[in-house]
Amino acid sequence: MPPENLAPRLGLSPSSLAPEREKLTTKEFISWTRNRDPRGIGWEWNAKDGLYHPVK
């Protein structure tokens, strides 16, 4: 999912998503997104495709 689609889902602006991703470890970021996602889905960044992917 592109950042501009994920950010509103998490109640954020797209510009505030990357700083969170950069300051947290991958595991912390997944947990942080899971706590904010309305369906409790954790999200992981993939630098190769520039998208966020759901983590089961």
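1. **Strand pairing.** Trp45 of the predicted model stands opposite Tyr52 in β2. One step further along, Asn46 has Leu51 of β2 as its bridge partner. The two strands, β1 and β2, pair in the antiparallel sense. Their pairing runs over 5 bridges.

2. **The hairpin turn.** Between the strands of the β1 and β2 hairpin there are 4 residues. Gly50 is the residue to look at here. Its phi is positive, near 70°.

3. **Overall layout.** The protein chain has 3 helices and 2 strands. Read along the sequence, they follow the pattern α-α-α-β-β. The radius of gyration is 10 Å, close to the 10 Å that the globule rule gives for 56 residues, so the protein chain is as compact as a globular protein of that length. Along the principal axes, the C-alpha trace spans about 25 × 20 × 20 Å.

4. **Surface and burial.** Of the 56 residues in the protein chain, 25% are buried. The chain exposes about 3,700 Å². Carbon and sulfur atoms supply 52% of that area. As for contacts between residues at least 6 apart in sequence, 33% join residues at least 24 apart.

5. **The core.** Which residues make up the largest nonpolar core? There are 9 in all: Leu6, Ala7, Leu10, Leu12, Leu17, Phe29, Trp32, Trp43 and Tyr52. Two elements, α1 (3-9) and α3 (26-36), give two or more residues to this core.

6. **Leu12.** This core residue is worth tracing outward. Leaving aside neighbours within four places in sequence, Leu12 is in contact with Ala7, Leu17, Trp32 and Arg36. Ala7, Leu17 and Trp32 are also members of the core.

7. **Ala7.** This residue is found in helix α1. Is Ala7 buried or exposed? Its relative accessibility is 0%, so Ala7 counts as buried. Beyond four places in sequence, Ala7 touches Leu12, Ser13, Pro14 and Leu17. Ile41 is another matter: Ala7 and Ile41 are 34 residues apart in sequence and 13 Å apart in space, C-alpha to C-alpha.

8. **The two sides of α3.** Four residues of α3 are buried: Phe29, Ile30, Trp32 and Thr33. Why do they lie on the same side of α3? They cover an arc of only 165° around the axis, and that puts them there. On the other side of α3, Lys27 and Asn35 are exposed.

9. **What α3 packs against.** Its buried residues meet three elements. These are α2 (14-23), β1 (42-46) and β2 (51-55). Two of the buried α3 residues, Phe29 and Trp32, also belong to the largest nonpolar core.

10. **Gly42.** This glycine lies in strand β1. What is its relative accessible area? The value is 0%, so Gly42 is buried. Not counting neighbours within four places in sequence, Gly42 is in contact with Ile30, Thr33, Arg34, His53, Pro54 and Val55. Ile30 and Thr33 are among the buried residues of α3. The C-alpha atoms of Gly42 and His53 are separated by 8.4 Å. Along the chain, these two residues are 11 apart.

11. **Pro54.** This proline lies in strand β2. At 45% relative accessibility, Pro54 counts as partly exposed, because that class runs from 20% to 50%. Which residues does Pro54 touch, not counting those up to four places away in sequence? They are Ile41, Gly42 and Trp43. Pro54 and Ile41 are 13 residues apart along the chain. Their C-alpha atoms are separated by 6.4 Å.

12. **Points to check on screen.** Start at the sheet, with Trp45 opposite Tyr52. Go on to Gly50 and its positive phi. Then turn to α3 and compare buried Phe29, Ile30, Trp32 and Thr33 with exposed Lys27 and Asn35. End at the contact of Gly42 with Pro54.

Definitions and conventions:
Residues are numbered from 1 along each chain as its sequence is written. This is a predicted model: local features need pLDDT of at least 70, side-chain atom pairs count only at pLDDT 80 or more; totals for chains, interfaces and linings use all residues. Side-chain values use heavy atoms; hydrogens and water are left out. A nonpolar core is a set of buried Ala, Val, Leu, Ile, Met, Phe, Trp, Tyr and Cys residues joined through side-chain atoms within 4.5 Å. Buried means under 20% relative accessible area, exposed over 50%, partly exposed in between (1.4 Å probe, protein chains only). Contact means heavy atoms within 4.5 Å. The arc is that of the directions from the helix axis to the C-beta atoms. Two strands pair if DSSP finds at least two bridges between them. The radius of gyration is taken over C-alpha atoms; the globule rule is 2.2 Å times the number of residues to the power 0.38. Accessible areas come from the Shrake-Rupley method with a 1.4 Å probe; for residues, only the protein chains shown count as cover.
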